[in-house]
Amino acid sequence: MQPAALQSKLLNEHVSKWAKVYLKHRTLVQRFLNISFVLYVLATTYRGLVSRPSAPSSASTKAKVKLDSKELDGRQGPMKSPRVAVDALFYKRLSALLRILIPGIRSKEALLLVMHSSLLILRTAISLYVATLDGKIVASLVRARTKDFFLNILRWLLVAIPATWTNSWLSYIQNKLAIAYRTRLTREVMGQYLGEEADDSNGKVYYKLSNLDDRIKNPDQMITHDIQRFSTHLAAIYSNMAKPVLDVILYNYQLSQNVGAEGLLILTILVQSSAIILRRLTPAFGMYTATSAHLSGALRYAYSRIAEFAEEIAFFKGEKTERILLEREYASIVCHENHVLSRRWWFGCIEEGVIKWLWGAYGLLLCSIPVFFKLPGTQLDLGGRTQGFVTNRRLLLSSSDAFGRVMSSYKDLSELAGYTARVSLLLDSMADIRRGKFEKALVSSATIGENANILRGHGQIIESDDIQFENVPIVTPNGDVLIKSLSFHVKHGQHLLIVGPNGCGKSSLFRILGGLWPVYGGIVHKPPASQFILIPQRPYLSLGNLRDQVIYPHSEVEMEARGVTDNDLLNILSIVGMEGVVEREGGWDVTREWRDALSGGDKQKIAWARLFYHNPRYAILDEATSLVPTEMEGKMMEHATQLGITLLTVSHRPSLWKYHAFILHYDGQGGYVFTKLDAEKRLALQEERQSLETKLLEVMLSREARTSTSGLQIAVMYLQDFSVSDRSINNPCALKLCHVGSIVHGMHVV
């Protein structure tokens, strides 16, 4: 016998021997392959979803700076956007959010998840039964068995009842889960955003988030739109991931029973090879989602600014400029969306080509195995082979669809990562603010010399009945040091007048007293913020009826609990000269947009009525009588004094001087003077000064009227030398100056 023939015979004997061994243990091998397949699917899904974040570069590490009241470094420019990717950081953020959304196994959300999971399993079981029933229907047609055919049709109709019920309940439970998530998360956010804190320094998050921190420009969009989208995506992602993974395992297990685990092994290798390539080509949809949400928020903010400052824009005829700004924001959105659409288009082509057509071809090859190859333990006729092919084909299509949904769920997970990053940024920012940590772009002077040392300091706040500042620096949120060391002491009952040029720190002092701004040094003795009430030049009027405007922020129930009636409120309104507003507007319960219904003076009077209703120990008046007649102004000041309210007043009206015992005068250069206020002496000196200035001005104008220099130009130049208080509309010298200057200017024109 030739050596080649001998080798061939030995090879055949070995193959036959191993084939017999394999056939003898085929059941055990199949079981091992099925278990290995299940473990492989779970492990592959886990590894695909939990990818490790890339190591941050040194540049990005250096760029990340934490600013707080103890350590500020003066970083310039916009804040760095949070990284958006399906990585360990995403799962850390999601885990923190899930602890809020599902507080315990007995919570409503946990019960909904259990119901949702049960329905998903039931739907998969129904799909397996329908696949088998589909094969039986076709087999009965091939075998021409009329009775079997109609019995299978009846089974088809009967199984439709639980199938449709299950699908409807799945959609219902998923939507209920999204609402439950949104409700739970909104309550948590609003509790921090508008929560009342015992310690004033940790409260007022809604103010500090917008004024002391640069990370979030549009919290309204995050609280409304981003939380809603996050909740919807989170409720859907469970169904879009858990159900496909379960389907892949069960469908392929059933396939392995029909065509053998060997073919399933080959199919898995081919599908996974193409899936790896497809995963590599998947664009960064998470980053796209976060960017889209940010751009949409910027556009919404631009529109809201037009509504807020409509009057100013109309007077300046700024329609063209505002339109350019809006078009620029919209163009950014369109450019981004077009870029995303182009990426989605080519990725959709590749995804469909691989999942639908390439994997479909693999499936047809798998379904053909029982037809072309005789499997051990099977003896099928034409009807049996047809039934097996149809059943396997149905199972394969369902499995392919499930695997495709597993692949596309990564895209859904990327979008969820975008919303998760946004919601986590909101929660993290509020948590930092409650701890006194801020991220703010600082002015250049905040990083050098003595100013940098001031910003690294930390002051002390001591609760007291009086107001006392001991070497306290006045610092704006952007690090601008207005006053390096402010010291004064005002006891309860001693009214304080605060004057000075714009931007010198008058309102900054009030924000420190109200607990809105941090203290960077020294000691502040002050009552709790609840004992202060602020009346600004443009008072805030809330949504609600007329009664709500007077008692804000109290409700009618709280008002009645204090023993206050509508007649008491009417008496308060009579003090400020607005007793007729109730009848004029139609009663206490009429609801209007009060900021438009009332004039500027009436709004200031309503704010004073609110002050008298609450009767605090201290009141901060920031040009609070600028639109009120002088007689009414005096009446309100006297009534506040009778109630025992200590007034801290910013005003340029000399008529208010007599109501104050002390004056804090800023010079606008970082200096100040705190002293007792002698109103009569100060008024006499001012009148004498104004008289001298008027006479001097008339002499100057009479001389210059004969030259080429316009009297109006002289008036303007002379006005520039006036202090802010001198340029008040109530300053007789200023009025005289403008009148004379306009006459001289008219003579030159003629």
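Colleague: Let's start with one residue: in which helix does Pro219 lie?

Modeller: Pro219 belongs to helix α8, which covers residues 219-259. Keep in mind as we go that this is a predicted model.

Colleague: Thanks! Is Pro219 buried or exposed?

Modeller: The general idea is a cut-off: a residue counts as buried when its relative accessible area is under 20%. Pro219 has 9% relative accessibility, so it is buried.

Colleague: Which residues is Pro219 in contact with, apart from its neighbours within four places in sequence?

Modeller: Those contacts are Tyr193, Leu209 and Ser210. You can also compare sequence with space here: Gly297 is 78 residues from Pro219 along the chain, and their C-alpha atoms are 9.1 Å apart.

Colleague: How do contacts of that kind look over the whole protein chain?

Modeller: Take the contacts with a separation of 6 or more: 78% of them join residues 24 or more positions apart. The chain has 750 residues, and 45% of them are buried. Its secondary structure comprises 26 helices and 14 strands.

Colleague: Could we try a charged side chain next? Where is Arg422 found, and is Arg422 buried or exposed?

Modeller: Arg422 sits in helix α14, residues 382-434. The same kind of reasoning applies: its relative accessibility is 8%, which means that Arg422 counts as buried.

Colleague: Which side chains make polar contacts with the side chain of Arg422?

Modeller: One of them is Gln221, at 3.2 Å. Another is Asp226, at 2.8 Å. Setting aside residues up to four places away in sequence, Arg422 touches Asn218, Gln221, Met222, Asp226, Ala290, Ala293 and His294.

Colleague: Now the strands, please. How should I read the two faces of a strand?

Modeller: In a regular strand, side chains alternate between the two faces of the sheet. Strand β11, residues 618-622, is a good case to look at. Tyr618, Ile620 and Asp622 point one way from β11, while Ala619 and Leu621 point the other way.

Colleague: How many of the residues of β11 are buried?

Modeller: Five of its five residues are buried, and the strand is described as mostly covered.

Colleague: Which strands are joined to β11 by bridges?

Modeller: Strand β8 (residues 532-535) runs parallel to β11, with four bridges between them. Strand β12 (residues 646-650) also runs parallel to β11, and five bridges join that pair. To find the register, start from Tyr618 in β11: Phe532 stands opposite Tyr618, and Tyr618 stands opposite Thr646 in β12.

Colleague: What about the strands that pair with β7?

Modeller: Strand β3 (residues 460-463) pairs with β7 (residues 523-526) in the parallel sense over four bridges. Strand β4 (residues 467-475) pairs with β7 in the antiparallel sense, over three bridges. For landmarks, Gln460 stands opposite Ile523 in β7, and Phe469 stands opposite Val524 in β7.

Colleague: Let's finish at the surface. Which residues make the nonpolar surface patch of about 580 Å²?

Modeller: Leu111, Met115, Leu122, Trp165, Trp169 and Tyr172 make that patch. Helices α5 (108-142) and α6 (146-193) each supply at least two of the patch residues.

Colleague: How should I read Trp165 there?

Modeller: Trp165 is in helix α6. A residue counts as partly exposed between the buried limit of 20% and the exposed limit of 50%. The relative accessible area of Trp165 is 45%, so it is partly exposed. As for the protein chain, it exposes about 40200 Å², and carbon and sulfur atoms supply 59% of that area.

Definitions and conventions
Residues are numbered from 1 along each chain as its sequence is written. This is a predicted model: local features need pLDDT of at least 70, side-chain atom pairs count only at pLDDT 80 or more; totals for chains, interfaces and linings use all residues. Side-chain values use heavy atoms; hydrogens and water are left out. Patches are made of residues with over 30% relative accessible area and no salt bridge: like charges are joined within 9 Å, nonpolar side chains (Val, Leu, Ile, Met, Phe, Trp, Tyr) within 5 Å. Accessible areas come from the Shrake-Rupley method with a 1.4 Å probe; for residues, only the protein chains shown count as cover. A salt bridge is a side-chain nitrogen of Lys or Arg within 4 Å of a carboxyl oxygen of Asp or Glu. Buried means under 20% relative accessible area, exposed over 50%, partly exposed in between (1.4 Å probe, protein chains only). A polar contact is a pair of N or O atoms within 3.5 Å; within protein, one must be able to donate a hydrogen and the other to accept it, and residues adjacent in sequence count only if both atoms are side-chain atoms. Contact means heavy atoms within 4.5 Å. Two strands pair if DSSP finds at least two bridges between them.
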